[in-house]
Every structure is written in C-alpha cells, then in structure tokens.
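Thanks for coming. I have one structure to go through today, and I will keep to what can be read off the coordinates.

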Amino acid sequence: MDKIWEELHSTQGWGKYPSIEVVTFVARNYYKFDRSSVKILDYGCGQGANTWFLATEGFDTYAFDGAPSAVKKAEVYLATKGLKANFDVMLGDDLKYPDSYFDCVIDCAVLYANRVHTIKKMLKEIYRVLKRGGKTLSTGLFNSKMTGYGTGDEIEKNTFTNMTGVLEHRGMAHFFEKNEAVELWKEIGFKNITVDEKIVTQHNGNLIIAEYILTGEK
C-alpha cells in the first residue's frame, strides 16, 4: 500500500455515505435474505462509509484497511451511530480471513491504486475468502477517459504516479481497459462477470471521472 493513504486519512476527513453502486448491488442481491446471516467484507473500508451502510442494514459486517488512521476513524464513526462491525488493519493482498468465509466482498475504489501484479494478488485473496457462489463488486476501476490519465510518470503500462487531474496527490493509479479487467477476473476464476461504465463531469465540465464497475461470482 502506498504510504500516501495513511497520510491522507490521518489529515483529512472522507465521505460519510455509501456510493449508489454499493447500495444498489447490496439491495438487489442480499435484501431478500436473513441479513444477520450474510457476511459482507468492506474491502479497504477507508473511513467507513460503506461499513456504516452495511451495519445499518443489519448485515454481519467486516471491514479492513491498510491505513490505521482510516480504521480508527471508521470505528469511531460507527460507534457514534451505535453500530458495530468487525474491524482490522491489514493489506488487501494478504487477508487474515479463512477460506470461503464471506458471502460478498465489496471493493470501492481500492484495487486501482496498485501495480497489476499486486492487483492480481488482491483478486486472488478476494476469490479465496468468498464462499462458492459468493459475489464481488468493484467500483473505481478508472479508465483512460479520466481527467489526468497519461500525466505524471508511467511506471508500467497504464499505471502512473505524480498525476494531475482527479487523482492528483493520490499516489499510484492503474487505468483499466475493459477487456483487461474482464480477463484479469476470469484468470483468477470469477464467472458471470458484468462490466458497466460510469462517466461523471465535475467543476463545470473541467474534470471527468470515468470508471468501470465490475461484478463477478465465485
């Protein structure tokens, strides 16, 4: 994990509410079940926006981040709401959970901030801890339409540091090609893969956020 994330979480606040993609995915797939029996992992929880949502909705909620400051803030945030989750500090390519433990793993803009070989390790870990038939959601798989793509220093194909634009001062970023993402997930063993693209303009059209949103099943 890039040390920039501990610096950012220790000095900055973060969003308090989950993304619509996370809410929609969870509602479509898991609201029909006994939620207390559904284990969901917030993979790279940051300061707990998605963790708060999952705990509020009554799921058996787990969350981790590689930045201790983020986990501490997430724990405090949930505590102020009278909620609990199972928190840990760890890295996404070396999870401490047992095999086949979770019904669902949610990655909200975590995988992209790594080199490709690390992304593969992280996906292998997600696959390992999912139950057979378990589902995963990944948002924030940024692509080349994003403002700032191609700036800074290219350290491998489509992976940059020192960028300008949306991800300025955010460390490393890998920008995905759609076919690349599908093949990466397939290589690990995921099936029933779907990919949608989301493009949002900000600051009077001067910034474009362009990402793929991918779902898969073990």
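I will take the cores, a buried helix, a hairpin, a pocket and a small sheet in turn. Please keep in mind that this is a predicted model.

Let me start with the inside. The largest nonpolar core has 41 residues. Those with the most contacts inside this core are Leu41, Tyr43, Tyr97, Phe176 and Trp185. At least two core residues come from each of α1, β1, β2, β4, α5, β5, α6 and β10. Which element gives the most to this core? That is α5, with 6 residues.

Phe176 is worth a look on the screen. Setting aside its neighbours within four places in sequence, Phe176 contacts Tyr112, Ile119, Leu141, Phe142, Asn143, Ala181, Leu184, Trp185 and Tyr212. Apart from the largest core lies another one, of 22 residues. Its members include Cys45, Trp52, Ala55 and Leu137. As general background, nonpolar side chains in soluble globular proteins tend to be buried together.

Next is helix α3, residues 49-56. Why is this helix described as largely enclosed by the rest of the structure? Because 7 of its 8 residues are buried, where buried means under 20% relative accessible area. The buried ones are Ala49, Asn50, Thr51, Trp52, Phe53, Leu54 and Ala55. They pack against three sets of elements that you can find on the display: the helices α2 and α4, the strands β1 and β2, and the strands β3 and β4. Trp52 and Ala55 we have already met, as members of the 22-residue core.

After α3 comes Gly58, which has a positive phi, near 90°. Gly58 also turns up in the contacts of Ser36, a residue in the loop between α2 and β1. Leaving out neighbours within four places in sequence, Ser36 touches Gly58 and Asp60. The C-alpha atoms of Ser36 and Thr61 are 8.8 Å apart, with the two residues 25 apart along the chain.

Now the hairpin. Strands β9, residues 191-202, and β10, residues 207-217, run antiparallel and are joined by 10 bridges. Lys191 sits opposite Glu217 in β10. How many residues lie between the two strands of this hairpin? There are 4, and in the turn His203 has a positive phi of about 50°.

Both hairpin strands come back in the second largest pocket, which has a volume of about 300 Å³. There are 15 lining residues, and the closest to the pocket centre are Phe25, Arg28, Leu137, Asp196 and Thr215. The elements giving two or more residues to the lining are α2, β5, β9 and β10. The largest share, 6 residues, comes from α2. What is the make-up of the lining? It divides into 4 nonpolar, 6 polar and 5 charged residues. Leu137, listed among those closest to the pocket centre, is also one of the residues in the 22-residue core.

Last, the small sheet. It is open and has 3 strands, in the order β6-β7-β8, with antiparallel pairing. Which strands are at the edges? They are β6, residues 153-156, and β8, residues 173-174, each pairing on one side only. Between β6 and β7 there are 3 bridges, and Glu156 has Thr159 in β7 as its bridge partner.

That is the tour. I am happy to go back to any part of it.

Technical notes. Residues are numbered from 1 along each chain as its sequence is written. This is a predicted model: local features need pLDDT of at least 70, side-chain atom pairs count only at pLDDT 80 or more; totals for chains, interfaces and linings use all residues. Side-chain values use heavy atoms; hydrogens and water are left out. Two strands pair if DSSP finds at least two bridges between them. On a 1 Å grid over the protein atoms alone, a cavity is a set of points where a 1.4 Å probe fits but cannot get out, and a pocket is an open set with protein on both sides within 12 Å along at least five of seven lines; lining residues have an atom within 4 Å of a point. Grid points are joined across faces, edges and corners, and a volume is the space filled by probe spheres set on the points. Ala, Val, Leu, Ile, Met, Phe, Trp, Tyr, Cys and Pro count as nonpolar, Asp, Glu, Lys and Arg as charged, and the others, Gly among them, as polar. A nonpolar core is a set of buried Ala, Val, Leu, Ile, Met, Phe, Trp, Tyr and Cys residues joined through side-chain atoms within 4.5 Å. Buried means under 20% relative accessible area, exposed over 50%, partly exposed in between (1.4 Å probe, protein chains only). Contact means heavy atoms within 4.5 Å.
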